[in-house]
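Visitor: I would like to know how the descriptive words used for a structure are earned. Please show me one and let me ask.

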2 protein chains.
Amino acid sequence: MSTGHHEASWRLPESDPYAHVDLAHYVHLARIAERGTFDSLFLADGPQLWNNLAQRPAGALEPLTLLTALATATEHIGLIATASTSYNSPYNLARKFASLDIVSGGRAGWNIVTTAGAEAARNFGLAAEPAHAERYARAAEFLDVAQKLWDSWEDDAVVADKAAGVWGDDTKIHPPRHEGRYFSVAGALNVPRTPQGYPLLVQAGSSEDGKRFAARYAEAVFTAQQTIEDARAFYADLKSRTAEAGRDPGHIKVLPGIVPVIGSTEAEALAAERVLEDHIVYTHGVNRLENLLQLEPGTLELDGRLPDLPPESAIEGAKSRYTLVVDLARRERLTVRQLVGRLGGGRGHLTFAGTPEQVADAIETWFTQGAADGFNIMPAVLPSGLDAFVDHVVPILRARGLLRREYGPRRTLRERYGLPRPANQYVTPALARA
Amino acid sequence: MSTGHHEASWRLPESDPYAHVDLAHYVHLARIAERGTFDSLFLADGPQLWNNLAQRPAGALEPLTLLTALATATEHIGLIATASTSYNSPYNLARKFASLDIVSGGRAGWNIVTTAGAEAARNFGLAAEPAHAERYARAAEFLDVAQKLWDSWEDDAVVADKAAGVWGDDTKIHPPRHEGRYFSVAGALNVPRTPQGYPLLVQAGSSEDGKRFAARYAEAVFTAQQTIEDARAFYADLKSRTAEAGRDPGHIKVLPGIVPVIGSTEAEALAAERVLEDHIVYTHGVNRLENLLQLEPGTLELDGRLPDLPPESAIEGAKSRYTLVVDLARRERLTVRQLVGRLGGGRGHLTFAGTPEQVADAIETWFTQGAADGFNIMPAVLPSGLDAFVDHVVPILRARGLLRREYGPRRTLRERYGLPRPANQYVTPALARA
């Protein structure tokens, strides 16, 4: 949510309830993030109206549109848009990301999602959500087709010989001629190969299918982790799966979400967190929790606890979020009210209220203890929470040598993440030719 | 083509052969157009690689991406993107145009195309191009769904009551619940109603199906007309069809394309035109002509004439362009070489080489004689041809009272075209309620 990742943030006096459709608001956020030398901006998304209007700001600018507008207002920061493999065509989507990568000078990233839920399905001609495994099978084929399209122009396909009247070399164009289970795509993309070759590939599902997909394709993984133990286990598991898939485990970056609530003292931070909790409308939170847990409306009681629930394997929705929420409630013996309060802050991401030093300590611990390669910073209130992070936590991280002081000469998002530009699958390396 | 609408323009010394993927080039063009107080910019498009690289610059930035980037670099000019109803989903496309309309402050337009050709079809899982009538039937349903989505939020759906914790009024949300022949779309759009309600609707096919579609939906029509007589007949026909469809004929603007080649003398303009013709690679032009006329490669001889050809009703491709080209060759008794030369300049649009006064005279004649409500200016060479038009033709048009001198207080593209903001189909007018 654009007024902050806490669901009640829009109700604070400082918040603009129309911010979610205000380009100037996002430009302001992006420039704060560039002041903090962040790697990238990330926009979540789904092709449906997510919640009732009564509850909180609904709707959003389409992420590729918004990030394209932000590309022209920023210079350095990466631009990661969420887009669904279940409800797009590979040709159209590959082209849009290629265009964003060109327009931004190589700063595009794609958060690949398969889109849980029947509501989205019903906006695209389906009566019900496709099964989880089916969605991931389609996603894998989608990625294969998209990579063929992004590689369909060799980097040196354009010769621009004005005198001879020859603009390009057609032998360096490789139409995919793909015929698969989900897609048939014959022709080459109508966009040249881009600065990054293709956008940074990001993934955010932590289910079994999701982790298998990430190990094969993802270069960065957003994840919700409530404890450092869980985060370390997830991190180690994903790195080892990536190695098993034949890839360099250094080429997948694990980025847990963290919702910082910063105060000049711990008491001040906790007070700020309480103000937010006091603004939660609990009946709405219970409705959403019932929806996530796939319970009938009216099942949960605000001051009761969760009932017995089926295992993750029995549900078809957002599997890893389901398990995280159930585990959180069990581990901390939370009532429904307490659980809604916790989820209101970060929808499953780790909420951390404290001083700048405490927040920096948590980040350093997770980073140095094998729980994270970086973080997805999700301030509870925007823009003030991002300003506070950049003004007070970033200087500490820089002093500790954990964060760059300036962007330096690296230009593309993949360079910022320390990842190589992908080779073109249709080009035989020169050494092998000799 | 971004170096100009003449196919050989990229070969001129002044042209950048990489301009078609250079945002700065387009920003430059857009700013020249704003200096000339143009209503709008228009980007043609198709979801396929249109030509061989050998021939001329191929590929393009995806139009919605490019126009979004241009929205932030301009203040006044309308931004019209071509997008296909055959190869998009209504939910995704409606959302992208709504987002562009918001980001641009109400300057979005959609050039609605059904996309001829098997090449595009094969990029979207189809073995062959759908029949012409089928494409238009789908387009009509697509528009109905898109309008339902754009109207799915009433303008005053957001109440933003922070104290009560109520952000919006769910009774003002109208999910389409559409179940049709081509589409099923259940839910409301996840973007609020936009400054214009929805983008200006533009159409460019002049076939029988195309004109019927335009009369029902279009607010502006791009058309290729070679003579003022044909243009007047087309204009009168479209206005009367629009009236028959129950709409105000003043609410559809007819905009023929014109390819100006401007010189300080007529001889200079004709010489500039000859330089362009000398840069045409005729074998490529013949190939494209065979493709348009649905002839086997090798059928046409460069210094021969067109063979007997079937009537428009027998072909499934770009019908009106087919007839225009065949008629042009017949009427002016052109050889294949001459025809390729003429098409190289404007692909069927009227090429006009002359002095600024001569170009202004032609525009005035067409405008005052019932042949046009405005023009789609397609300079043979860019940016120089646009500069020449703005520096030399625009002042004459302004002096004659045919063109605004400044943009003035009107903000949205529809306001510039003198069109009303569309009412929301789900809102009962207040008078009817009383």
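Visitor: What makes the copies meet through the same surface?
Guide: In this predicted model, 100% of the interface residues of chain A are also interface residues in chain B, so the copies meet through the same surface. Local features need pLDDT of at least 70, side-chain atom pairs count only at pLDDT 80 or more, and totals for chains, interfaces and linings use all residues. Side-chain values use heavy atoms, without hydrogens and water; residues are numbered from 1 along each chain as its sequence is written, and chains are lettered from A and ligands numbered from 1 in the order in which they are written.

Visitor: Why are the two copies said to be related as by a two-fold rotation axis?
Guide: Superposition is by least squares on the C-alpha atoms of residues with pLDDT of at least 70 in both copies. Chain A falls on chain B after a rotation of 180° with 0.0 Å of shift along the axis, at RMSD 0.0 Å. The two copies are thus related as by a two-fold rotation axis. Of the residues of chain A, A:Ala69 comes closest to this axis, its C-alpha at 2.6 Å.

Visitor: Why are H12(A) and H13(A) called oblique to each other?
Guide: Angles run from 0 to 180 degrees between N-to-C directions; under 35 is roughly parallel, over 145 roughly antiparallel, 65 to 115 roughly perpendicular, and the rest oblique. The axes of H12 (residues 356–368) and H13 (residues 384–399) of chain A cross at roughly 50° and come within 9 Å. H12(A) and H13(A) are therefore oblique.

Visitor: Which residues of H12(A) and H13(A) meet?
Guide: With contact taken as heavy atoms within 4.5 Å, A:Val359 and A:Ile363 are among those in H12(A), and A:Phe389 and A:Leu397 among those in H13(A).

Terms used:
Helix = DSSP H or I, 4+ residues; strand = E, 2+ residues; numbered from the N terminus.
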